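Biologist: I'd like a close look at the empty spaces in this model, please. Could you take me through them one at a time, with the terms spelled out as you go?

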Amino acid sequence: MQLVQATRDEVLRPLSTVAGIVERRNTMPILANILLRKEGTKLAFIATDLEVQITTHAEFGVGEENESTTVAARKLLDILRALPDSGDVKLTLASAKLAVQSGKSRFALQTMPATEFPTLAQPEQWDTSFSLPQKTLKHLFNMVHFAMAQQDIRYYLNGLLFVFEPGFLRAVATDGHRLAHSGSPVEGIESKHDVIVPRKTILEMQRLLSDTDEPVHIDVATGQIRFRFGHVELVSKLVEGKFPDFTRVIPSNYTRHFLINREILQGALQRAAILTTDKLKGVRLQLSENQLKISSSNTEQEEAQEEIDIDYSHEPLDVGFNVSYLLDVLANVKTENIQWSVQPDVNASALITSPDDEHFKYVVMPMRI
């Protein structure tokens, strides 16, 4: 039975959308496959890793029959990418194989039954539902994602905290050494609660969202969250656990501030980072009257030093930081200037904020050098 006839790019688009979550190594062979579900001319492309499931829809099915099968996602994707972009692609199912044909190129791929594909069961009713522009949600993710932990034994840090409040949505991420917070007014949230969204889901959403005013609909239920936008539906399990109280981490009483050009600071830190050690990545920041001195050194007794003029009239301060933590925030906060706030204690965190975004706050712990 012929399932599909469309241009290469038309087939590639939905396939590329869902194939991002397919792991190269799987405990179950069928998780390397995508589910093709045809209902007349309507097609659904579905991929899952048992924690996240992405579905996207297209309308280039052939005939009125209904049919479903699963096929290796990477192989089909690689074949389509290698085909010339001229001429139609035909996908035909016969004798448990999926035939891919374009011009004089032909491929036959093994399939597995659609009945074996483990789709995520969704709740009949969602507890919280609201929508916001895609660019707003993407901005929230971009401002905090870099502070998420990676493979931390404290599994609740390997994700992003969503805090739902009446009229407001917060996004918070921390790995225990730094914390990023952002927020945005939204309509449709009636009660306050929070959930932890897995790291993989956040990174996938960043890839899929666009900088448009088109809406993304968010639904939340016990243990699950769903994002729907355009032709895409992403359903994800939530992380269980208690996220740290971010309100206690973000300083509110700092009185020593200075503004600094983001690109100038970023360039100086990048140069200083060249001579840091791979393990420590430490740089020293020395504040004095109207000056910030940045220095680094390594075990080979090599040194780097940068000086930046700033408007600072408080007592001197000499403190160390992991330069990667500073470069991460500077790469994602796209404002001309940032505000840096400190305390006269070398053990106190630094607070980085943006004059253009009152909801953004970045807290980074110092390190001993």
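Which helix gives the most to the lining of the largest pocket, and with how many residues?

Modeller: Happy to, and a word on the ground rules comes first. This is a predicted model, in which local features need pLDDT of at least 70, side-chain atom pairs count only at pLDDT 80 or more, and totals for chains, interfaces and linings use all residues. Residues are numbered from 1 along each chain as its sequence is written, while side-chain values use heavy atoms and leave out hydrogens and water.

To your question: helix α4, residues 199-208, gives the most to that lining, with four residues. Helices (DSSP runs of H or I, at least four residues) and strands (runs of E, at least two) are numbered from the N terminus.

The general idea is simple: rolling a probe the size of a water molecule over the atoms shows where empty space is left. The search uses a 1 Å grid over the protein atoms alone; a cavity is a set of points where a 1.4 Å probe fits but cannot get out, whereas a pocket is an open set with protein on both sides within 12 Å along at least five of seven lines, and lining residues have an atom within 4 Å of a point. Grid points are joined across faces, edges and corners, and a volume is the space filled by probe spheres set on the points.

The largest pocket, then, holds about 400 Å³ of space. Its lining is made of 17 residues, and E23, D49, P198, R199 and K200 lie nearest the centre. Sorted by class, seven of the lining residues are nonpolar, three polar and seven charged. Here Ala, Val, Leu, Ile, Met, Phe, Trp, Tyr, Cys and Pro count as nonpolar, Asp, Glu, Lys and Arg as charged, and the others, Gly among them, as polar.

Next comes the second largest pocket, with a volume of about 330 Å³. For this one the lining has 22 residues, with L161, V163, D194, V195 and K242 nearest its centre. Two or more residues of that lining come from each of β10 (159-165), β13 (193-198), β14 (215-221) and α5 (246-249). Of these, β13 supplies the largest share, four residues. The class count is 11 nonpolar, five polar and six charged.

Now to the enclosed spaces: there are two cavities of 30 Å³ or more. The largest has a volume of about 40 Å³. Around it sit L317, V319, F321, V342, Q343, D345, A348, S349 and A350. Strand β21, residues 317-322, makes the largest contribution to this lining, three residues. By class, the residues here are six nonpolar, two polar and one charged.

The second largest cavity contains about 30 Å³ of space. F258, L285, L287, L292, L317, V319, F321, W340 and V342 form its lining. Strands β18, β21 and β22 each give at least two of these residues, and β21 has the largest share, with three. This lining has nine nonpolar residues, no polar ones and no charged ones.

One last link between the two cavities may help when you turn the model on screen. L317, V319, F321 and V342 line the largest cavity, and L317, V319, F321 and V342 also appear in the lining of the second largest.
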